[in-house]
Amino acid sequence: MVRNDAFNAAVQLLKTRERSEKELTSRLRRKGFEADEVTAAVDRCREYGYVDDSRFARCKARQLLTNGRAVGRRLQRELQLAGVAEELVEQTLAELQSDFKEETLLDELLERRFASFDYRLADDRERRRVVNYFLRRGFALATILEQLKKPCGG
C-alpha cells in the first residue's frame, strides 16, 4: 500500500519536530509522493492529532520569542512563511502577548548578546550595528531606542 508509505514518511518527519500542514505537505511532495497520497497522509495525521497548525503556531512562536529570534511583524511573517493561516497567526500572537513583553525580551537579548554595550559610550557605527540587530528581529525602533538609552540599573 503506497498510501501507508506516505503516512509512514509523514510520521518520521513529525518525529523530528513539529511541522505545519503546509510544511509536511511540501516535504512529502519533495520525497516524490503523488498529490493524492500526500493529501491522504496529511489528512490521516490531522485525524490522529499528529499535525495541528494551531499547536504548531504556538510552539513555533514560543520558540522564536524565547530565543529572541523574532517578535512583532517578523514573528508574524515567520509563521506565515511556515504556512499558518492568517487568522491563526493573529490568534496565536494575541494569546502570547500577555506572556511575552517586547521590552523584557529586548532586555534579555541585549544582556545575552551585547552585555558590555553602553549606548552613551558607543560610537555611531556600534550603535547602528546593535540597533539594526534588533530591527532585523522585528523589534520596534522606538522600543529599541527607549531600552538602549535607559540608564544602567534602571
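The questions below cover the nonpolar cores and aromatic rings of a predicted model. Local features need pLDDT of at least 70 and side-chain atom pairs count only at pLDDT 80 or more, while totals for chains, interfaces and linings use all residues. Residues are numbered from 1 along each chain as its sequence is written, and side-chain values use heavy atoms, without hydrogens and water.

User: Which helix supplies the largest share of the largest nonpolar core?
Analyst: A nonpolar core is a set of buried (under 20% relative accessible area, 1.4 Å probe, protein chains only) Ala, Val, Leu, Ile, Met, Phe, Trp, Tyr and Cys residues joined through side-chain atoms within 4.5 Å. The largest has 30 residues, of which Phe117, Phe134, Phe139 and Leu148 touch the most other members. Helices (DSSP runs of H or I, at least four residues, numbered from the N terminus) that each supply at least two residues include helix 5 (72–81) and helix 8 (124–136). The largest share, five residues, comes from helix 4.

User: How do the rings of Phe134 and Phe139 pair: stacked, tilted or edge-to-face?
Analyst: Rings of Phe, Tyr and Trp (its six-membered ring) pair if their centres lie within 6.5 Å; planes under 30 degrees apart are stacked, over 60 edge-to-face, the rest tilted. That rule gives seven aromatic pairs. The centres of Phe134 and Phe139 are 5.7 Å apart and the planes lie at 80°, so the pair is edge-to-face.

User: Which residue lies over the face of Tyr133?
Analyst: A charge sits over a ring if NZ of Lys or CZ of Arg is within 6 Å of the ring centre and within 35 degrees of the ring normal. Tyr133 belongs to a cluster linked by ring pairs, with Phe114, Phe134 and Phe139. At 3.7 Å from the Tyr133 ring centre, the residue over the face is Arg137.

Terms used
Buried < 20%, exposed > 50% of the residue type's maximum accessible area, 1.4 Å probe, protein only.
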